[in-house]
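Me: I'd like to practise reading a fold, going from strand pairing to the core. Can we walk through one together?

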Amino acid sequence: VADPVLFTFLPRFEGMRIRVDGRDKGTLPARLVLEPGSHRVTVTAGTETEPVLDTAVSLDEGDRLSIEA
């Protein structure tokens, strides 16, 4: 069974930073393979500290979750 995947390719998120559980995961668009379980996902624009998106997700093995907010 595959690890869960979190992804987004929406143009409005292009160039924004994504953090998972407080750890920087790079710039969007992205496709991230995560461990199953609960995670906090935040997306910020440029040098802004206020997130554009701040949400909790719960992923099971094999899940594919698109960031659509």
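Me: Let's start small. Which residue in β5 is the bridge partner of Arg 17?

Reply: One thing to keep in mind is that this is a predicted model. Bridges are how you get from residues to paired strands, and here Arg 17 has Thr 44 as its partner in β5. Zooming out, β2 (residues 17–20) and β5 (residues 37–44) are joined by four bridges, running antiparallel.

Me: What strand order does the open sheet have?

Reply: To get an order, follow the pairings across. In this case you read β3-β2-β5-β6, four strands with antiparallel pairing. β3 (23–27) and β6 (53–59) are the edge strands, each pairing on one side only. From one strand to the next, the twist averages 25°.

Me: Now Thr 42: is Thr 42 buried or exposed?

Reply: Check the relative accessible area against the cut-off: buried means under 20%. Thr 42 comes out at 17%, so this residue counts as buried. Thr 42 sits in β5 and, beyond its sequence neighbours within four places, touches Arg 17, Ile 18, Arg 19, Pro 51, Leu 53 and Asp 54.

Me: And how many residues does the largest nonpolar core have?

Reply: The general idea is that nonpolar side chains tend to be buried together in soluble globular proteins. In this model the largest such core has 15 residues, with Leu 6, Ile 18, Leu 28, Val 43 and Ile 67 making the most contacts inside it. β2, β4 (30–33), β5 and β6 each give two or more residues, and β6 gives the most, with three. Take Leu 6: outside its neighbours within four places in sequence, its contacts include Ile 18, Val 20, Val 41, Leu 65 and Ile 67.

Technical notes. Residues are numbered from 1 along each chain as its sequence is written. This is a predicted model: local features need pLDDT of at least 70, side-chain atom pairs count only at pLDDT 80 or more; totals for chains, interfaces and linings use all residues. Side-chain values use heavy atoms; hydrogens and water are left out. Two strands pair if DSSP finds at least two bridges between them. Axes are lines fitted to C-alpha atoms, for helices over the stretch in contact, and angles run from 0 to 180 degrees between N-to-C directions. A nonpolar core is a set of buried Ala, Val, Leu, Ile, Met, Phe, Trp, Tyr and Cys residues joined through side-chain atoms within 4.5 Å. Buried means under 20% relative accessible area, exposed over 50%, partly exposed in between (1.4 Å probe, protein chains only). Contact means heavy atoms within 4.5 Å.
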